[in-house]
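Here is a note for a colleague who is starting out, to be read with the structure open alongside. Please take the points in order and find each residue as it comes up.

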Amino acid sequence: MNKPLVGALLAALLLGAGVAPAVAAEPAGSTSEVSAEAAPRTTYTAPDTVPAAKAVTFAGTVALSNCSGSVVRSPDAAPTDPALVLSNGHCMESGFPGPGEVVVDQRSSRTFTLLNASGSGVGTLRASKIAYGTMTDTDLSLYELTSTYRQIEDSYGIQALELETAHPTAGTAITVASGYWKRTYSCDIDGFVHQLKEGRWTWKDSVRYTPECRTIGGTSGSPVIDDATGKVVAVNNTGNESGQECTDNNPCEVDENGEVTVREGINYAQQTYNMVPCIGAGSKIDLTREGCALPKP
């Protein structure tokens with residue numbers, strides 16, 4: 001999982017460097033720090049008749065104590081609804097939930113640093129509860145805040161990121177925006193994984209990035225944003241660090257026939273369109289709603 005580890009923090013203390021990522025430093029040019037511009041990508045240049053996508057910024061992203069996240073909303077959310085923060089299940093302060101474990105409506109007073117477009121912290125948001133969290137089939141957490149969407153926009157001029165309602169497609173240009181590191185990673189969706197296995201956990205229909213997205217420890221929970229629409233299509237969660245097979249920090253791919261593939265250095269995310277049917281009136285999580293397929297307690 002892409003989150004800071006004890007060993008990395010110890011290494012940082014020994015080096016006097018503050019906080020170090022959980023994996024080796026990346027090659028230059030693979031990320032952009034506190035920048036509204038996406039990292040360069042070698043692609044076909046669209047004709048002038050096709051509108052250019054807006055550059056993805058940090059507006060609406062948040063920094064957690066150990067991970068990244070974002071303020072998100074469903075398309076039907078009302079301004080007066082309590083806002084939601086999206087991150088990973090393995091980023092919850094209560095620790096990694098076990099296989100089959102689902103957290104619902106668990107009290108929390110966790111705080112999040114809200115970032116503006118340039119990556120500067122502009123305020124602190126507070127949770128009232130973990131509305132939902134799991135590492136079964138997917139790796140996500142949704143915190144309900146004490147602030148509404150309108151209060152956040154009125155106070156900071158920042159709107160929540162909208163969740164996409166449809167399954168993403170391979171070849172889509174994306175940006176992973178990390179509030180923890182204030183860095184962006186730009187690449188494409190390379191494809192989808194039938195089952196992604198890491199240690200004790202199994203995730204379904206995971207997003208696989210092209211190699212340019214070399215996410216690191218602390219990027220866990222970052223929103224994966226469709227460059228063309230600006231909507232959130234996934235939440236960043238892991239990568240194969242050292243080429244091991246199906247071990248912690250070394251997820252493996254398992255296809256429909258049970259064949260295992262290891263892709264060292266490749267990183268992954270969990271889709272978020274399937275969360276939208278589970279968000280009901282008042283932006284409350286309702287696992288009984290029609291179309292909601294998230295794991296239940």
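Which residue in β6 stands opposite A63?

1. The residue opposite A63 is T113 in β6. Before going further, please keep in mind that this is a predicted model. The strands concerned are β2, covering residues 61-63, and β6, and they pair in the antiparallel sense over two bridges.

2. On β6 there is also a pairing with β7, again in the antiparallel sense, and here five bridges are found. One of the matched pairs is L115 with G121, the latter being the bridge partner in β7. These two strands, β6 and β7, form a hairpin with five residues between them, and within the turn G119 has a positive phi of about 95°. When you look along such strands, it helps to remember that in a regular strand the side chains alternate between the two faces of the sheet.

3. Turning to the nonpolar interior, the largest nonpolar core has 44 residues, of which V71, L86, F112, L145 and L294 touch the most other members. At least two residues of this core come from each of β3 (68-73), β4 (82-87), β5 (102-107), β6 (111-115), β7, β8, α2 (149-156) and β14. Leaving aside residues up to four places away in sequence, L86 touches a list of residues that includes V72, L140, L142, V232, V235 and M275. A second core, separate from this one, has 15 residues, among them I174, Y180, I189 and I216.

4. A good place to practise reading one residue closely is T172, which is found in the loop between β9 and β10 (173-178). T172 counts as buried because its relative accessibility is 13%, and buried means under 20%. The side chain of T172 reaches the backbone oxygen of T169 at 2.8 Å. Beyond residues up to four places away in sequence, T172 touches C187, D188, I189 and D226.

5. The charged side chains deserve a separate look, since the count comes to 10 salt bridges. In one of them K204 is joined to D137, with the closest N and O atoms 3.7 Å apart. This pair links distant parts of the chain, K204 lying in strand β12 (residues 201-209) and D137 in the loop between β7 (121-134) and β8 (140-148), 67 residues apart. Both partners are partly exposed, K204 at 44% relative accessibility and D137 at 27%.

6. Another salt bridge joins K231 to E162, and its closest N and O atoms are likewise 3.7 Å apart. K231 is in the loop between β13 (223-226) and β14 (232-239) while E162 is in strand β9 (residues 161-162), so the pair ties together parts that are 69 residues apart in sequence. Here the partners fall into two classes, for K231 is partly exposed with a relative accessible area of 25%, whereas E162 is buried at 18%.

7. D190 and R208 also meet through their side chains in a salt bridge, at 2.8 Å from N to O. Because D190 lies in strand β11 (residues 183-198) and R208 in strand β12, this pair ties together parts 18 residues apart in sequence. D190 is partly exposed, with a relative accessible area of 39%, while R208 counts as buried at 10% relative accessibility. Finally, salt bridges that share partners join D105, K129, E144 and K284 into one network.

Key: Residues numbered from 1 in each chain as written. Predicted model: local features only at pLDDT ≥ 70, side-chain atom pairs only at ≥ 80, totals over all residues. Heavy atoms only, no water. Salt bridge = Lys/Arg side-chain N within 4 Å of Asp/Glu carboxyl O. Helix = DSSP H or I, 4+ residues; strand = E, 2+ residues; numbered from the N terminus. Buried < 20%, exposed > 50% of the residue type's maximum accessible area, 1.4 Å probe, protein only. Polar contact = N/O pair within 3.5 Å; in protein donor to acceptor, adjacent residues only side chain to side chain. Contact = heavy atoms within 4.5 Å. Core = buried A, V, L, I, M, F, W, Y, C linked by side-chain atoms within 4.5 Å. Pairing = 2+ DSSP bridges.
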